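The exercises below are meant to be worked through with the sequence and the structure side by side. Try each task before reading the solution that follows.

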Amino acid sequence: MSQSTTTTLGGSPLSIASGLHGRHLTRRLVQLYVGLTLYGVSSALLVRSGLGLEPWGVLHQGLAEKTGLTIGVVSIVVGAAVLLLWIPIRQRPGLGTVSNVFVIGVAMDGTLALVPDVHGLAGQVPLLVLGIVLNGVATGLYIAARFGPGPRDGLMTGLHRLTGRSIRLVRTAIEVAVVATGFVLGGSVGVGTVLYALAIGPLAQYFLRWFAVPEAAPRPEATDRPEAAPRLEATDRPEAAPRLESGGSAPAVRPESDRSVAAEAAARPTAVRPEVAPETPGQAILRP
């Protein structure tokens, strides 16, 4: 099976405990395991269609034919072997990486036990289309959960980092080798293999956007907090009004009309209710 889309989580190394925090943790865990389960189901549907498998599925089926093991068990063994290859290329697994090894294989064998063989194009073609679309949905679900790439994708990104070759070249080389080996061993290569290769990229990209988990909202800056609101200067406070010094001249008396206008303005309610700053109980400072 080809975990055809990868995430590097910003390029930082992963550990199994990576990402086990945050307010969306429950949703992400559900997405991870639902996605991995559906991936196994979709791979089983491709097997039952009989029209060709995805690249890694060809290898798994070929090995199953030679060993007598179920294709799900072979998937688990191959996934674990690929994961061991992460050690020399210094890749670190996440929770999604380890879960990928086991959940997909178990779901695949379970689905194969429930879904019978289909004969005739009238049944095979819909099963093939359903398997490819469901694989895209599953890929979007489990990768958008951000718990780390699958073993096969990690191998691809690790070799890309070590060799300096492009992701496209590294992936193509790996999957051509996988398909060729699987075909020699008896795996099924057909029109489904070609359709999968053409469709899985756009499907995965679409569903990655559909199932994207929102990032945590950034904390507000200091200017956004209430305590950062500007205070009134000393000249705006009533106690800051100028006093008459001894021997000074008396202020000019305002006309009655001016005093009435000032009184009405003072009685008019303000738009913002002032409050007393708690940190200055002795000198009440008004805040807007």
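**Exercise 1.** Are α3 and α4 roughly parallel or roughly antiparallel to each other?

*Solution.* The model is a predicted one, and the step begins with the axes of helix α3 (residues 71-84) and helix α4 (residues 95-114), which lie 7 Å apart and make an angle of about 170°. Angles over 145 degrees count as roughly antiparallel, and α3 and α4 are therefore roughly antiparallel to each other. The crossing in which α3 passes α4 is right-handed. On the α3 side the contact is made by Ile71, Gly72, Val73, Ser75, Ile76, Gly79, Ala80 and Leu83, while α4 contributes residues including Thr97, Val101, Phe102, Ile104 and Asp109. By class, the residues of this contact of α3 with α4 comprise 11 nonpolar, five polar and one charged.

**Exercise 2.** Determine how α2 and α7 are oriented to each other, and describe the residues through which they meet.

*Solution.* Helix α2 (residues 55-67) and helix α7 (residues 167-185) have axes that come within 7 Å and cross at roughly 30°. Since angles under 35 degrees count as roughly parallel, α2 and α7 are therefore roughly parallel to each other. In this pair, α2 passes α7 in a left-handed crossing. From α2, the residues Pro55, Trp56, Val58, Leu59, Gly62, Leu63, Glu65 and Lys66 meet a set in α7 that includes Ile174, Val178, Val179, Phe183 and Leu185. The residues of the contact of α2 with α7 divide into 10 nonpolar, three polar and three charged.

**Exercise 3.** Where are Arg90 and Arg146 found, and what is the phi of Arg90 and of Arg146?

*Solution.* Most residues other than glycine have a negative phi. Arg90, however, has a phi near 60°, which is a positive value, and this residue sits in the loop between α3 and α4. With a relative accessibility of 72%, Arg90 counts as exposed, because the cut-off for that class is over 50%. Arg146 likewise has a positive phi, near 60°, and its place is in the loop between α5 (121-144) and α6 (151-163).

**Exercise 4.** How many helices and strands does the protein have, and what percentage of its residues count as buried?

*Solution.* The protein has nine helices and two strands, and along the sequence they follow the pattern α-α-α-α-α-α-α-α-α-β-β. Of its 288 residues, 38% count as buried. The exposed surface of the protein is about 16,700 Å², of which carbon and sulfur atoms supply 64%. Finally, among contacts between residues at least 6 apart in sequence, 81% join residues at least 24 apart.

Terms used. Residues are numbered from 1 along each chain as its sequence is written. This is a predicted model: local features need pLDDT of at least 70, side-chain atom pairs count only at pLDDT 80 or more; totals for chains, interfaces and linings use all residues. Side-chain values use heavy atoms; hydrogens and water are left out. Axes are lines fitted to C-alpha atoms, for helices over the stretch in contact, and angles run from 0 to 180 degrees between N-to-C directions. Helices (H or I, at least four residues) and strands (E, at least two) are DSSP runs, numbered from the N terminus. Angles under 35 degrees count as roughly parallel, over 145 as roughly antiparallel, 65 to 115 as roughly perpendicular and the rest as oblique. A crossing is left-handed if the near helix is turned anticlockwise from the far one by less than a right angle, and right-handed if clockwise. Contact means heavy atoms within 4.5 Å. Ala, Val, Leu, Ile, Met, Phe, Trp, Tyr, Cys and Pro count as nonpolar, Asp, Glu, Lys and Arg as charged, and the others, Gly among them, as polar. Buried means under 20% relative accessible area, exposed over 50%, partly exposed in between (1.4 Å probe, protein chains only). Accessible areas come from the Shrake-Rupley method with a 1.4 Å probe; for residues, only the protein chains shown count as cover.
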